[in-house]
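Hello,

Here is the structure I promised to pass on to you. Please open it beside this message and follow along as you read.

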Amino acid sequence: MSEVDAASSADDGNAQQHTRVGVVRESTPDERRVALVPKIIPSLVKQGVQVIVESGAGAGALIPDAAYTEAGALIGDPWTADVVVKVAPPSDAEIAKLSAGQTLIGFLAPRNADNKIGALREAGVQGFAVEAIPRISRAQVMDALSSQANVAGYKAVLLAASESTRFFPMLTTAAGTVKPATVLVLGVGVAGLQALATAKRLGGRTTGYDVRPEVADQVRSVGAQWLDLGIDAAGEGGYARELTEAERAQQQQALENAIKGFDVVITTALVPGRPAPRLVTAAAVEGMKPGSVIVDMAGETGGNCELTEPGKTIVVHDVTIASPLNLPATMPEHASELYSKNVAALLELMLVEGKLAPDFGDQVLADSCVTRVTPEPPGPDESTGESAESAVQESGADQTGVDETEVEESGLEESGVDEAGVDEAGAEETADSAGASVADKEQS
């Protein structure tokens, strides 16, 4: 008898009264994150939630099963729980493990053409996509896109420093003085601001660019300079809109000239639901100094660099072009910890006295729910006393394909990092976490 079965046999009545949350082991290759970490378990247990963790779920983040049991969780089959939480979008095989009436929380990639929303609906599963959580102040603690974008922006700079043939900081030695590396970040949302702050801490001379001129102050707040190309493409909800053909041509020429003067270029720009905009042309790459580095964080949607090969690191014209996929998964400990807090906050919003009771009058739940379980209206044979079957319908978010203003930036359908822009509330949180080296520049 498994630990879960034993616990259920000992106190079956109590177990049936409260919500069971299942934490699965991720099956996506190279996905090392886990949806809930042990330190979150006690707060859920206090609310009457029973947490069931699949054996080995935390292995990728170096969290043993024993850490979960010590925190109050059970090791067993999470796929039978009332709520299943995970990181990457579910595969067909994983959806087959779910049953009608269950709830799934995770990155569900609602804007991707190949998403599994239809399969979840057919299975009768209620799905909450963390990408669709609205960018409002009270939902910041649930904003998984921002939490994972912070990780990605940080790691992108470390990757650039590793691939660079030059020092980032200025060094004065007996052999002479070495100039600091010049770093340009294209796309100043959450990941972009974190990249600027990290590059600054490493000693680089940083510059940021975005098609939304209102983020210039946020760039300066982390000690970077603002690259002004004279183009304004601010859209709704703090996100960038798609440029017109004329604006795109103007931007390309101005950027091409500017890029050639930088040692490192980090790109994070993406328009939700569309291929990533091409910001770095082949001509710009050819004009960069030998030994320069480009880190393209938009590889999962085609890349911001014309020469990018998603998932690979290549050298063209003596310039290194790296396009890593799922950067947050390369830092699974802290990425999992941050994501776990996001998921727990969303769960708590759905719970009433330990029972799952989502209030769809709440904007956060209404916007993030992409398939909704609702009771069917009573039939003509209602007098027979038969209970109505559950039905799954498209929520408002799914019907519209999820509003553009609710899905963020560079690659995080799966990896958790999509980057085109951030509203003021999101930027405020980002600046705090970015931790600019100058104390009075830690706010955005």
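**What I found**

Let me begin with the contacts in the protein chain: among those between residues at least 6 apart in sequence, 67% join residues at least 24 apart. Please keep in mind that this is a predicted model. The protein chain has 444 residues, and 54% of them count as buried. Its exposed surface comes to about 18,100 Å², with carbon and sulfur atoms supplying 50% of that. If you want to count elements, you should find 15 helices and 19 strands in the protein chain.

**The sheet**

A good place to start looking is an open sheet of seven strands. Its order is β11-β10-β9-β12-β13-β15-β14, and the pairing is mixed. Which strands sit at the edges? They are β11 (225–226) and β14 (313–316), each of which pairs on one side only. As a reminder, strands of a sheet pair through backbone hydrogen bonds, and they can do this either parallel or antiparallel.

You can see both kinds here. β9 and β12 are paired in the parallel sense, with four bridges between them. β12 is also joined to β13 by four bridges, and these two strands run parallel as well. At the β14 edge, on the other hand, β14 and β15 (residues 319–322) run antiparallel, again with four bridges. One pair to look for there is Thr313, whose bridge partner in β15 is Ala322.

**Helices on the sheet**

Helix α7 packs on this sheet and touches β12 (264–267), β13 (293–296), β14 and β15. The direction of α7 makes about 150° with that of β13. Another helix, α8 (residues 190–201), lies across β9 (182–186), β10 (205–209) and β12. The angle between α8 and β10 is about 170°.

**Two helices side by side**

Helix α7 (residues 144–163) also has a helix partner, α12 (residues 332–350). Their axes come within 9 Å and cross at roughly 170°. How should we describe that arrangement, parallel or antiparallel? Angles over 145 degrees count as roughly antiparallel, so α7 and α12 are roughly antiparallel to each other. On the α7 side, the residues that meet α12 are Ala144, Ser147, Gln148 and Val151, and on the α12 side they are Ala335, Leu338, Tyr339 and Asn342. Sorted by class, this contact holds five nonpolar residues, three polar ones and no charged ones.

**Two buried residues to click on**

Val264 is worth a visit. It is found in strand β12. Is Val264 buried or exposed? Its relative accessible area is 0%, so Val264 is buried. On one side, Val183 stands opposite Val264, and Val264 also stands opposite Val293 in β13. Not counting residues up to four places away in sequence, Val264 touches Ala160, Phe168, Thr182, Val183, Leu184 and Val293. Ala160 makes a nice example of how the chain folds back on itself: Val264 and Ala160 are 104 residues apart in sequence, yet 7.0 Å apart in space, C-alpha to C-alpha.

While you are at β12, check which way its side chains point. Val264 and Ile266 point one way, Val265 and Thr267 point the other way, and all are buried.

Next, go to Thr207, which is placed in strand β10. Buried means under 20% relative accessible area, and Thr207 counts as buried because its value is 6%. Leaving aside neighbours within four places in sequence, the contacts of Thr207 include Val183, Leu184, Leu196, Trp226 and Phe262.

**Two loop residues with positive phi**

Last, here are two backbone angles to look up. What is phi of His317? It is near 55°, a positive value in a residue other than glycine. His317 is in the loop between β14 and β15, and it is partly exposed at a relative accessible area of 40%. Glu353 also has phi near 55°, and it too is a residue other than glycine. You will find Glu353 in the loop between β16 (351–352) and β17 (355–356). With a relative accessible area of 75%, Glu353 is exposed.

Enjoy exploring, and write back with any questions.

Best wishes

Key: Residues are numbered from 1 along each chain as its sequence is written. This is a predicted model: local features need pLDDT of at least 70, side-chain atom pairs count only at pLDDT 80 or more; totals for chains, interfaces and linings use all residues. Side-chain values use heavy atoms; hydrogens and water are left out. Axes are lines fitted to C-alpha atoms, for helices over the stretch in contact, and angles run from 0 to 180 degrees between N-to-C directions. Angles under 35 degrees count as roughly parallel, over 145 as roughly antiparallel, 65 to 115 as roughly perpendicular and the rest as oblique. Contact means heavy atoms within 4.5 Å. Ala, Val, Leu, Ile, Met, Phe, Trp, Tyr, Cys and Pro count as nonpolar, Asp, Glu, Lys and Arg as charged, and the others, Gly among them, as polar. Two strands pair if DSSP finds at least two bridges between them. Buried means under 20% relative accessible area, exposed over 50%, partly exposed in between (1.4 Å probe, protein chains only). Accessible areas come from the Shrake-Rupley method with a 1.4 Å probe; for residues, only the protein chains shown count as cover.
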